[in-house]
Amino acid sequence: MSKSKADKEPKKPAKSDDKADKDARPADGGWRETVESIAMAVILALLFRGFVAEAFVIPTGSMAPTLQGRHKDVWCPKCGVEYQTTASSERTQTGAPTGSHVTTTTCPICRYTQRLDLFDKPNDHSFSGDRIIVGKFCYDLGEPERWDVIVFKFPGDAVQNYIKRLIGLPNETIRIAGGNIYAKMPEDADFTIARKPPHKLNVLLQLVDDTNHIPQELIDLGWPSRWQEALPAGAKPAWQPENGGRSFVTDGTADRDAWLLYRHLIPSYKDWVSIEQQQQLPADVLTRPGQLISDFYAYNAFHDVSENTPGGSKPAGYLTPDRNFDQYYDPSQPGPGEPPSADSLGQHWVDDLAVECVANVSSAQGELLLMLIRAGRQYQCRLNVADGKATLSMTDTDGEPLGFDDAGDDIIATRTAQTRVRGPGSYRLRLSNCDHEMLLWINGSVVKFDGLTTYPSSELLVPMHTAADPGDLAPARLGSRGAAVKLSGLRVYRDKYYIATNANGESNDYLNPIRAPGIDAYGESNSIPELMGRPDLWSTSNLFDVANRRAVDFVLGPDQFLPMGDNSPQSFDGRFWREQNDPRFEGRHNYVERDLLIGKALLIYWPHTWNRPIPFTPNFRKMGPIR
């Protein structure tokens, strides 16, 4: 069919009616619509901020290391671990510089005190606090839960926002004792320990040791490994250390439980001075028994200097060598930097621990063993490689079985579970013993057992040590019986230790100053760290005397909540809110009222940026949900 002329010719666009278009335009040229759109966007943003979510900046280190206030983000030059240290002293509450500068920090693993270079290394300067999102609707949909991270108006000054962890709930009486939290309702006869759910415990555990971070300098000089095999008399070694004690291998042929024992052999500041200056180990290091694990916070272990400049100083980014400091500061000097204060080295024994490793199994049979020691008692897990069966058990200092919690009157000496461990393969294993509960993790997941893995315990315990058994001086143990395996990434963690205090000036749990024959000449703060490694003095010192340990109670009424900081030694929280400590309060006010709650901290959306290699480099690694 032939096409018509009309089909062949392209259609011409219709002529626009300029008059009609002009008449269709708003008389104001469209500005009113634009202004209305902007106004609506602002209103929606304000509504979102007022009722849904709001951004906050963390000002201080009271929630460290969960949330960072102004701080230093550094890597240890000896062992390579990354950690944070407070820099809150460098700024006032309004953000103005104080003239103070944090110049040294102390590593949480190898305890090396490094001197920061504030002249030539921009990343050694302090960083601002984490920026977080707070969900304001969360508590409209449900009740606040213990261990939530909450934001609220400070009861002593409702203009000021605070962020803490929720510890006590309405109508409870909260007790702090031995580093743990206990709760009791009015109808309860006794206190019950408040246990952290596994996902909360997982983020609150603090790293104590990691075989991936052993200073090569210590290996070369012969510093004894923190992990060593416990050899029975006449027995041949079953474990072979590799790569300077960073991993251990056994062929599984030993006809016994072959144990590796962890000893907390940490170099002191004086040790590092000797190593740096003389390139040799202290004379007594090979005979040291190790130390008890304490509530040491690297975040609080720092040294600072102040500028002798009236009116403060410019920000740290403008710091130059010609500044006049109140103390000598030269970042080019060799050796460790100035030491932190003695009271920041840990004042309390922590008995709630976890042990972890990567087990590369090469045999189809045998057992993998994990154990934690608490006051001499043994908390053990045995994993059968052949069928994946896990067995938990507990024994007292005499080797007699202890019972798990159970609804009946019988003593349940073991708990069992089936796991995914089957023959050769790589498995990440973790055993924790925190809040009077044993938990087993395999490849990041908590194993469910055939009954409760909680157990009864006293609030206050005493560490044990004998010539035959190092007890709490070897608090974490890993082993094998008949299984060929290579263990790597061996780690030890500790739980949070909440200090039982309610008065300014009480920095520890002790009712009376700590004394011990011959070592208290330099004061309590120096005595405690030394006593941690002197089991011969434990019975004569009052450090572990139960009668010298403080427990504090806080009574809450309806719609009252007790908040506390994760950084217990440096948190001004509900423990201290009373007239004797702060004139803004009348009497005791150890709580925040429901109507002062702003919401739940949900997300770190913008941690600090890096100054180098490119200024303002985003720190994506630390973005994520707040647990």
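In what sense, and over how many bridges, do strand 6 (residues 131-135) and strand 31 (residues 597-606) pair? They pair in the antiparallel sense, over five bridges. The views below are of a predicted model, in which local features need pLDDT of at least 70 and side-chain atom pairs count only at pLDDT 80 or more, whereas totals for chains, interfaces and linings use all residues. Residues are numbered from 1 along each chain as its sequence is written, and side-chain values use heavy atoms, with hydrogens and water left out.

**View 1. Strand 31 and its pairing partners, strands 6, 7 and 32.** Strands (E, at least two residues) and helices (H or I, at least four) are DSSP runs numbered from the N terminus, and two strands pair if DSSP finds at least two bridges between them. In the pairing with strand 6, Gly135 has Lys600 of strand 31 as its bridge partner. Strand 7 (residues 149-154) is joined to strand 31 by three bridges, also in the antiparallel sense, and here Val151 stands opposite Gly599. Strand 32 (residues 624-625) pairs with strand 31 over two antiparallel bridges, with Pro625 as the bridge partner of Leu603.

**View 2. An open antiparallel sheet of four strands, in the order 11-10-9-28.** Strand 11 (192-193) and strand 28 (552-555) are the edge strands, each pairing on one side only. Strand 9 (residues 173-177) is largely enclosed by the rest of the structure, because four of its five residues are buried; buried means under 20% relative accessible area, exposed over 50% and partly exposed in between (1.4 Å probe, protein chains only). Five bridges join strand 9 to strand 10, and Ile174 has Ala183 as its partner there. Ala183 also has a bridge partner in strand 11, namely Thr192; strand 10 (residues 180-184) and strand 11 are joined by two bridges. The hairpin of strand 9 and strand 10 has two residues between the strands, and Gly178 in this hairpin takes a positive phi near 60°. Strand 9 is joined to strand 28 by four bridges, with Arg175 opposite Asp553.

**View 3. The surroundings of Asp509, a buried residue without a salt bridge.** Asp509 is placed in the loop between strand 27 (485-494) and helix 8 (524-531). A salt bridge is a side-chain nitrogen of Lys or Arg within 4 Å of a carboxyl oxygen of Asp or Glu. The nearest side chain of opposite charge, that of Arg549, is 4.1 Å from Asp509 (Lys and Arg count as positive and Asp and Glu as negative; His and the chain ends are not counted). The Asp509 side chain reaches the backbone nitrogen of Ala500 at 2.6 Å. Beyond its neighbours within four places in sequence, Asp509 is in contact with residues including Gly178, Gly179, His348 and Tyr497, where contact means heavy atoms within 4.5 Å.

**View 4. Leu265 in the loop between strand 16 (258-262) and helix 7 (269-278).** Leu265 counts as buried because its relative accessible area is 2%. Pro289 is 24 residues away from Leu265 in sequence, and the two are 7.7 Å apart in space, C-alpha to C-alpha. Not counting residues up to four places away in sequence, Leu265 touches, among others, Trp223, Pro224, Arg288 and Gly290.

**View 5. The salt bridge of Asp271 with Arg288.** The closest N and O atoms of this pair are 2.7 Å apart. Asp271 belongs to helix 7 and Arg288 to the loop between helix 7 and strand 17 (302-306), 17 residues apart. Asp271 is buried, at 4% relative accessible area, whereas Arg288 is partly exposed, at 21%.

**View 6. The salt bridge of Arg430 with Glu356.** The closest N and O atoms are 2.9 Å apart. Arg430 lies in strand 23 (residues 425-434) and Glu356 in strand 18, so this pair ties together parts that are 74 residues apart in sequence. Arg430 counts as buried, at 9% relative accessibility, and Glu356 is buried as well, at 4%. Asp210, Arg428 and Arg491 are linked with Glu356 and Arg430 in a network of salt bridges.

**View 7. The salt bridge of Lys622 with Glu82.** The two side chains meet at 3.5 Å, N to O. Lys622 lies in the loop between strand 31 and strand 32 and Glu82 in strand 3 (residues 82-86), so the pair ties together parts that are 540 residues apart in sequence. Lys622 is partly exposed, at 25% relative accessibility, as is Glu82, at 22%.

How values were computed. Polar contact = N/O pair within 3.5 Å; in protein donor to acceptor, adjacent residues only side chain to side chain.
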